[in-house]
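Trainee: I'd like a close look at a single part of this structure, the lining of one pocket. Please tell me how it is built up, and then how the other parts of the chain look beside it.

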Amino acid sequence: MRVALALNPTSGKGRSDGYRAVLREVLGKYPVDMMWLPTGSREETFLAMREASAEADALIIVGGDGFIHNAVNAVGDSGVPVGIVAAGSGNDIAREFGLPIHCVHDSVHQIAACLMTGRHRDVDVMEISWEGGSERALAIVSVGIDADVNLRTNRMSWPKGNTRYLRALPGAIGGYQPFGARVTMDGHTAEGDMTLLSVANTRYFGGGFCISPGALPDDGLLDVVLTRGLRMPEIVGLLGRLVVYRHLADPRVHLYRTNEIRIEQGPGATLPVLMADGEEICRAPATVRILPKALRLAI
């Protein structure tokens, strides 16, 4: 069995060399041939993973949600099983699937056992399309204040880990105005002021916030969590409910399930950049649709 391995050199606070040693040690116990992929820019890594998906029997990636996002797009429809070694800051995708976090030794043994026995899980992915192109995502597409916080977090170099989300929050709230949005689902269109709009294939975002507790990554549906335009005191109260997973009981929060949603700019403040799996994607208008069982995970 040929296994391609890709490590994000920025993951684990620069511990990628140590991760490489653990991968070599653990996989050496199994009948596999290791293909070490070069890592450089996001585009260079994407191309290396895409080429490997045509040659290897499996791909193991070491990194966070952004690196996983890149791999999801690289493997495309190849059907190559992907093993995840979670070594990022948020690790929301690993959290969704109950994978070890920052435990490289355990992660690699678990992945190897899956590959040796042929065990895998086929899961849905989301396809985001806009005038300039398209891209896939595995976890959450954010469009409202959640996207603004995510974008601000990505532009911060400190502090490390999830605390960057907390540092980014005051800036997003301080400059907040309700966003103007127009959404279309199942042939129905509505527009108005909006604060939060998350399109969820999985449950978690922002380093552990459970935005949609009922989301399933293999049900062929998107969970759309939407709030109307809220005033500042209402946002603070809603954040408190979000922390304890009680936000969906709030009458101002609406949950819809669909297989496709169209998001456009409506009257009001400009929508933030769409974010997916923590990565900057595009500006509205954009369409998000589900691709059932499009990704094979070695879990």
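**Around the second largest pocket**

Mentor: Start with β9, because this strand (strands are DSSP runs of E with at least two residues, helices runs of H or I with at least four, numbered from the N terminus) gives the most to the lining of the second largest pocket, 7 residues in total. Keep in mind that this is a predicted model, where local features need pLDDT of at least 70, side-chain atom pairs count only at pLDDT 80 or more, and totals for chains, interfaces and linings use all residues. Numbering runs from 1 along each chain as its sequence is written, and side-chain values use heavy atoms, with hydrogens and water left out.

Now find the strands on screen. β9 covers 188-200, and the other elements giving two or more residues to this lining are β8 (179-185), β12 (222-228) and β13 (253-258). In total, 15 residues line the pocket. To find its middle, click on Val 183, Ala 190, Glu 191, Leu 226 and Tyr 256, the lining residues that lie nearest the centre. (On a 1 Å grid over the protein atoms alone, a pocket is an open set of points with protein on both sides within 12 Å along at least five of seven lines; in a cavity, a 1.4 Å probe fits but cannot get out; lining residues have an atom within 4 Å of a point.) The pocket's volume is about 270 Å³, counted as the space filled by probe spheres set on grid points joined across faces, edges and corners.

What is that lining made of? Sorted by class, it has 7 nonpolar, 5 polar and 3 charged residues. (Nonpolar is Ala, Val, Leu, Ile, Met, Phe, Trp, Tyr, Cys and Pro; charged is Asp, Glu, Lys and Arg; the others, Gly among them, are polar.)

Now step past the end of β12. In the loop between β12 and α8 (232-243) you'll meet Arg 231. Arg 231 is exposed, with a relative accessible area of 55% (exposed is over 50%, buried under 20%, partly exposed in between, with a 1.4 Å probe and protein chains only). Check its C-alpha against that of Thr 195: the two residues are 36 apart in sequence, and 9.0 Å separates them in space.

For contrast, look at a cavity. Searching the whole structure turns up 1 cavity of 30 Å³ or more, and the largest holds about 30 Å³ of space. Gly 83, Ile 84, Leu 99, Pro 100, Ser 107, Gln 110, Ile 111, Ala 298 and Ile 299 line it. Two elements, β4 (82-86) and α5 (104-117), each give two or more residues to that lining, and α5 has the largest share, with 3. By class, the cavity lining splits into 6 nonpolar and 3 polar residues, with no charged ones.

Another place worth a visit is helix α6, residues 145-154. Since 8 of its 10 residues are buried, this helix is largely enclosed by the rest of the structure. Its buried residues are Ile 145, Asp 146, Ala 147, Asp 148, Val 149, Asn 150, Leu 151 and Thr 153.

Finally, zoom out. The protein chain has 8 helices and 17 strands, and its C-alpha trace spans about 60 × 40 × 35 Å along the principal axes. Of its 299 residues, 53% count as buried.
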